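Student: Please take a close look at the aromatic side chains of this protein, and set them in the context of the whole chain.

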Amino acid sequence: KDAELKAQRIGELEKEKHKQLEKDKQLEKERMFYIFCVEKYSAFTTMTSSEVLSLFQKHDVYNFTSTNYDVLHSQGEEYIVNEIAVYLKNQNNVRK
């Protein structure tokens with residue numbers, strides 16, 4: 001009986017470990033995508049990467065890009081930059 005419970009617990013722990021690894025992989029993808037967005041936004045504007053990063057931090061663009069990762073990451077660079085620009089414009093309108 002103890003061996004059965006131990007085996008069941010090990011199975012549960014393995015499932016949890018796998019779930020956490022998948023979460024970590026997804027977070028890493030979202031972080032890399034965010035860096036990509038900073039660089040591309042900089043390339044499409046006259047802003048430096050540092051300026052873009054400050055702007056993105058001020059308006060929580062990371063949350064926007066991670067929440068919309070599934071849709072955004074499969075689009076072209078111009079589309080992604082335009083979506084971020086619209087998001088930023090909406091953020092500015094809300095904060096006024």
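Tutor: Phenylalanine 33 is a good place to begin: its relative accessible area is 7%, and the residue is therefore buried, as the cut-off is under 20%. This is a predicted model, so each value here is computed from predicted coordinates. The partner of phenylalanine 33 is phenylalanine 36, and the two rings form a stacked aromatic pair, with 6.0 Å from centre to centre and 20 degrees between the planes. Both residues belong to helix α1, which covers residues 2-44; because they are 3 residues apart there, about one helical turn separates them. Phenylalanine 36 has a relative accessible area of 31% and is partly exposed, whereas phenylalanine 33 is buried.

A second stacked pair consists of phenylalanine 64 and tyrosine 87, whose ring centres lie 4.4 Å apart with the planes at 20 degrees. The angle counts as stacked because it falls under 30 degrees. This pair links distant parts of the chain, since phenylalanine 64 sits in helix α3 (residues 61-67) and tyrosine 87 in helix α5 (residues 77-95), 23 residues apart. Both partners count as buried: phenylalanine 64 has a relative accessibility of 14%, and tyrosine 87 has 15%.

The count of aromatic pairs comes to 6. Beyond the two pairs described, there is an aromatic cluster formed by Tyr34, Tyr41, Phe56 and Tyr62.

Next, the loop between α2 (49-58) and α3 holds aspartate 60. What is unusual about the backbone of aspartate 60 is its phi, which is positive at about 55 degrees although the residue is not a glycine. Most residues other than glycine have a negative phi. With a relative accessibility of 40%, aspartate 60 counts as partly exposed.

Back in helix α1, isoleucine 35 is partly exposed as well, with a relative accessibility of 45%. Isoleucine 35 also gives an idea of distances within the model: its C-alpha lies 35 Å from that of glutamate 12, and 23 residues separate the two in sequence. For the stacked pair of phenylalanine 64 and tyrosine 87, the sequence separation is likewise 23 residues, but there the ring centres are 4.4 Å apart.

Now for the chain as a whole. The protein chain has 5 helices and 0 strands, and its elements run α-α-α-α-α from the N terminus. The radius of gyration is 20 Å, against a value near 12 Å for a compact globule of 96 residues. Along the principal axes, the C-alpha atoms fill a box of roughly 65 × 30 × 25 Å. Of the 96 residues, 23% count as buried; phenylalanine 33, phenylalanine 64 and tyrosine 87 are among them. The accessible surface comes to about 7200 Å², and carbon and sulfur atoms account for 53% of this area.

Two further values concern contacts and charge. Among contacts between residues at least 6 apart in sequence, 59% join residues at least 24 apart. The side chains include 15 positive and 16 negative ones, and the centres of the two sets lie 4 Å apart.

Note on methods: Residues numbered from 1 in each chain as written. Predicted model: local features only at pLDDT ≥ 70, side-chain atom pairs only at ≥ 80, totals over all residues. Heavy atoms only, no water. Helix = DSSP H or I, 4+ residues; strand = E, 2+ residues; numbered from the N terminus. Rg over C-alpha atoms; globule rule 2.2 N^0.38 Å. Buried < 20%, exposed > 50% of the residue type's maximum accessible area, 1.4 Å probe, protein only. Contact = heavy atoms within 4.5 Å. Areas by Shrake-Rupley, 256 points an atom, 1.4 Å probe, with all protein chains shown as cover. Lys, Arg positive; Asp, Glu negative; His and termini not counted. Charge placed at Lys NZ, Arg CZ, Asp CG, Glu CD. Phe/Tyr/Trp six-rings, centres within 6.5 Å; stacked < 30°, edge-to-face > 60°.
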